[in-house]
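The note below is meant for a colleague who is opening this entry for the first time. Please keep the sequence and the structure in view while reading the points in turn.

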Amino acid sequence: MRRELSGWGRFPRVDCAVTAPRDEAALRAAIATGPVIARGNGRAYGDAATQSRGTIEMRHFNRLLAFDPETGQVAAEAGVLLADLIEAFLPRGWFPWVTPGTKFVTLGGAIAADVHGKNHRRDGAFRSCLDWVEVMQQDGSVVRAAPGDDLFEWTVGGMGLTGVILRAGLRLRPVSTGWIRQQMVPAPDLATAMEVFERDTGTYAVAWFDCLGQGASLGRSLVMLGDHATPEGLTEAQRAAPFDIPRRRRLKVPMDAPAFALNRFTLKAFNALYWRAGLRKAGESLVDWDSYFYPLDTIAEWNRIYGRPGFAQFQCVLPLATARPGLEALLKAISASGQGSFLAVLKRLGAQESRFSFPMEGYTLALDFPVSPKALQLLERLDAITVDHGGRFYLAKDSRLRSDTLRASDPRVGAFVEMRETGPRYRFASGQSERIGI
Amino acid sequence: MSNGTLLVLGGRSDIGLATARAFAAAGWDVQLAARDAATLEAEAKDIALRHGVAATCHEMDATDLDSHAAFYDRLSPFPQVVVCAVGALGDQARDEADVASATAVMRANFEGPASLLAHAANRMEGSGTSTIVGISSVAGDRGRASNYIYGSAKAGFTAYLSGLRNRMTGKGVHVVTVKPGFVATRMTEGMDLPPVLTATPDALGQAIFTAVAKQRDVIYVKPVWRLVMAVIRAIPEALFKKMSI
């Protein structure tokens, strides 16, 4: 069946031949027709999980296979969502070791993008909680691989290009409550925000910042630090049911927003309001896990606020040594263009040894822009600034990077392509891999 | 509604599994019954792991009517709620030409389910509060050229459920008739279904759980179907026979 698919950014939209196999035999048959790419829950922003000639939806592979209540080890099929794991295991005292900003990602997607969370500096990316992965390769065989194996190392962060991730074994984190002790630290400028990050921050740290700030308030941020709360920190009522959290009202964006709804004036107003609201909340508070980790998940289809043309995410990481001037240059370019972003997020990443994953020690910046010719021009400028400062790009967010920019930013591309030439390249390819030539 | 045990007849179907998940999420133990039950172990394990309930698989052949009594004899514990999600869409063109395959569709959608529920009802009668849920179809509301073989069997099943409800009222057994419109399942995969009329299996499972808890009689999962079928039933036969819908 053919269907129009896109990533979460709704750009680009691709007419795809889609199959949704229900068992390994059907999956093997789908792979044999290659080129194909596996698709989880469609949360990568661009074209990493679309292939016009064959997109394989993995939603039927969504079973939990095993759980060890002593160690928190789970085995599950690749279509299981982090939301499923939380629903099943948080009431028993376990939470994902690493989670991105939405719980609606599949395990397969989390592995393929080697996603990171607000605790990367301390705990690493998704890779660090994986015991093994099982991959269906181009010849239809299913191979289990563990850390250190070539297949494992290329698959984690390999954007689904080594084969179809079928199953995984991973470890969860023991927690004693469903609450996060949050500390909100307002930072009037970038230097202050970075100082806060460089202190001992606890388990989680993330900053929202105002990318329309200019002059002295360039990089004005709200840094949010967090740690899993223990029962002693809860009220008596909360302590009685430490994993129960108040039900959040679920909202839905009912239609595409009109093009005029987002402009520099509404963005400025939003950012100013958000900053002032943050100042009022400064200091310590107790936040439930859902609001803390997944503030946007309650607004179904929030990606529609950018209207029909969709939006493009930009996420880069800059090495520690050049982070400060690099971030300033990026913010100045954005400010000068007048094209702000609601969701401008800054995080400190730790060191990570891996073959092709995104993270490196330094600072990562994520922004989104409604797609327009002007925005695409700005993104090219941001690409150039990133490359100049020795940074690289997060492929899970990308929808428009150029092949030469990728190569200029990341010397690991050569080895990745060499691995791909041994076979997977002819069977596994996404719109993204074809665009950026990997 | 206090927790108990749910039996799903047709436990491999997307609707049957979704119903099992909805009950398990509320703490019910579930029994999945189907042919080749061993191949359902992964589904049962998934339900058990997610919800911390007991989930078991049971061999059952809906079209082998003589085996039904023995199937219930082997079942332990006997469930408080039985959901029948057995059915087969058939292939209208083939079934028109091949009468034997038409009768197989009728057996899978009417005789088999009715026999399974007859045994269940007789065992439930006088045993306290229990519920029978039959998944019928809007296709049974009026025979149409495009699917009347399947539709006629569903019409029979709908009438059967209505009569069973009538018989069991006051005897501790409640009967729910479910008439899903389009549902995005394995049975309808590849069909071009209008989204406003199409429910997901999970929505259906949740609706069935609610219908059991609230002792509803007949549910259309998407309320718009009640209206659509009222209109279709109201068309005079003289006109209807010339239409192609």
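1. A convenient place to begin is strand β18 of chain A, residues 345-349, which pairs with β19(A) in the antiparallel sense over 5 bridges. Within this pairing, L346(A) has L365(A) of β19(A) as its bridge partner. Please bear in mind throughout that this is a predicted model.

2. On its other pairing described here, β19(A) is joined to β17(A) by 9 bridges, and these two strands run antiparallel. F311(A) stands opposite P370(A), the latter lying in β19(A). How many of the residues of β19(A) are buried? The count is 9 of the 9, so the strand is largely enclosed by the rest of the structure.

3. These strands belong to an open sheet of 8 strands in chain A, whose order is β15-β11-β13-β12-β18-β19-β17-β20 and whose pairing is antiparallel. At the edges stand β15 (283-288) and β20 (392-393) of chain A, and because each has a single partner strand, one side of each is left without a neighbour in the sheet. Helix α11 of chain A, residues 373-388, packs on this sheet, where it touches β17 (311-319), β19 (362-370) and β20 of chain A, and the direction of the helix makes about 10 degrees with that of β17(A).

4. Helix α11 of chain A also holds T386(A), and the reader may ask whether this residue is buried or exposed. T386(A) is buried, because 25 other C-beta atoms lie within 10 Å, where a residue counts as buried at 20 or more. Not counting residues up to four places away in sequence, T386(A) touches C316(A), L318(A), G391(A), F393(A) and S409(A). By contrast with these contacts, T386(A) and M1(A) are 40 Å apart in space, C-alpha to C-alpha, and 385 residues apart in sequence.

5. Elsewhere in the sheet of 8 strands, strand β12 (residues 204-209) and strand β13 (residues 221-228), both of chain A, pair in the antiparallel sense over 6 bridges. In this pair A207(A) stands opposite V223(A), which is in β13(A).

6. V206(A) is found in strand β12 of chain A, and it is buried, because 23 other C-beta atoms lie within 10 Å. Leaving aside neighbours within four places in sequence, V206(A) is in contact with K118(A), M224(A), V345(A) and K347(A). For one of these, K347(A), the C-alpha atom is separated from that of V206(A) by 5.0 Å, although the two residues are 141 residues apart along the chain.

7. Chain A has another open sheet, made of 4 strands in the order β1-β2-β4-β3, and here the pairing is mixed. The edge strands are β1 (2-5) and β3 (37-39) of chain A, each of which pairs on one side only, and the twist from one strand to the next averages 45 degrees. Which way do strand β2 (residues 14-19) and strand β4 (residues 55-57) of chain A run, parallel or antiparallel? They run parallel and are joined by 2 bridges, with T19(A) standing opposite I56(A) in β4(A).

8. A last point concerns the contact between the chains, which takes 7 residues from chain B and 6 residues from chain A. On the side of chain B that touches chain A, the residues divide into 4 charged, 2 nonpolar and 1 polar.

Note on methods. Residues numbered from 1 in each chain as written. Chains lettered and ligands numbered in written order. Predicted model: local features only at pLDDT ≥ 70, side-chain atom pairs only at ≥ 80, totals over all residues. Pairing = 2+ DSSP bridges. Contact = placed C-beta atoms within 7 Å. Axes fitted to C-alpha atoms, helices over the stretch in contact; angles between N-to-C directions. Buried ≥ 20, exposed ≤ 12 C-beta atoms within 10 Å, placed from the backbone. Nonpolar A, V, L, I, M, F, W, Y, C, P; charged D, E, K, R; others polar.
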